[in-house]
Amino acid sequence: MIEALPGAGRTVLLVEDNEDNQMIYSLYLEQRGGFRVLLAWNGQAGIELARKEMPDVILMDVSLPVLNGLEATRVLKADPRTRDIPIIALTAHAMLPDRTRAADAGCNGYVSKPAEPQTVLNEVLRHLPGT
Ligand code: MN
């Protein structure tokens with residue numbers, strides 16, 4: 001018997017403009033977590049994909065083109081349809097003010113980059129609704 005992976009049947013939206021991070025995190029979440037992973041390259045595309053696909057968890061890079069990750073988080077948290085989706089901020093800055101700003105914008109969790117893919121997966125699982 002193959003044990004079901006924790007993310008089987010669940011979807012993560014990864015909003016990230018760095019191609020290496022996109023590849024590393026999405027492959028790991030798919031192969032080790034069993035998640036379906038959707039990708040968006042900027043904050044505005046992330047909002048649109050979240051509204052269309054209603055993912056279980058969103059990983060949101062803070063530094064993004066068009067609309068940054070904190071602005072995109074504020075939009076999603078102000079919308080009754082998407083406000084309950086957990087959003088985990090990804091940021092290159094391990095500074096306390098950034099953590100505070102992410103929390104102020106409505107982020108439910110926070111991972112400092114560079115982060116091991118397993119750290120990202122653990123944080124996604126910690127926020128996965130219904131587990
Ligand atoms: Mn970025």
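S63 has a relative accessibility of 53% and therefore counts as exposed, since the cut-off for that class is over 50%. The model under discussion is a predicted one, and S63 is a useful place at which to enter it, because this exposed residue takes part in binding a metal ion.

The ion in question is manganese. Its coordination involves D17 through OD, D61 through OD and S63 through O, at 2.1 to 2.2 Å. Along the sequence, these donor residues follow the spacing D-x43-D-x1-S. Distant parts of the chain are thus linked by the pair D17 and S63, which lie 46 residues apart. D17 belongs to the loop between β1 (11-15) and α1, while S63 belongs to the loop between β3 (57-61) and α3 (69-78). D17 has a relative accessible area of 32% and is therefore partly exposed, because that class lies between the limits of 20% and 50%.

From the loop that holds D17, the reader may proceed to helix α1. This helix comprises residues 19-31, and its axis comes within 9 Å of the axis of helix α5, residues 117-127. The two axes cross at roughly 55°, and α1 and α5 are therefore described as oblique to each other. The crossing in which α1 passes α5 is right-handed. On the side of α1, the contact is made by I24, Y25, Y28 and L29; on the side of α5, by P117, Q118, V120, L121 and V124. Sorted by character, the residues of this contact comprise 8 nonpolar and 1 polar, with no charged residue.

The segment after α5 contains P129. With a relative accessibility of 35%, P129 counts as partly exposed. When its neighbours within four places in sequence are left aside, P129 is in contact with R10, D56, V57 and P86. P129 and T91 are separated by 38 residues in sequence and by 23 Å in space, from C-alpha to C-alpha.

A final residue to consider is T73, which is found in helix α3. Is T73 buried or exposed? Its relative accessibility is 0%, so T73 counts as buried; the limit for this class is under 20%. Apart from neighbours within four places in sequence, the contacts of T73 are M60, I87, A105, G106 and C107. Between T73 and K113 there is a separation of 40 residues in sequence and of 18 Å in space, again from C-alpha to C-alpha.

Conventions: Residues numbered from 1 in each chain as written. Predicted model: local features only at pLDDT ≥ 70, side-chain atom pairs only at ≥ 80, totals over all residues. Heavy atoms only, no water. Axes fitted to C-alpha atoms, helices over the stretch in contact; angles between N-to-C directions. Helix = DSSP H or I, 4+ residues; strand = E, 2+ residues; numbered from the N terminus. Parallel < 35°, antiparallel > 145°, perpendicular 65-115°, else oblique. Left-handed = near helix turned anticlockwise from the far one by under 90°. Contact = heavy atoms within 4.5 Å. Nonpolar A, V, L, I, M, F, W, Y, C, P; charged D, E, K, R; others polar. Donors = N, O, S within 2.8 Å, 3.2 Å for Na, K, Ca; no water. Buried < 20%, exposed > 50% of the residue type's maximum accessible area, 1.4 Å probe, protein only.
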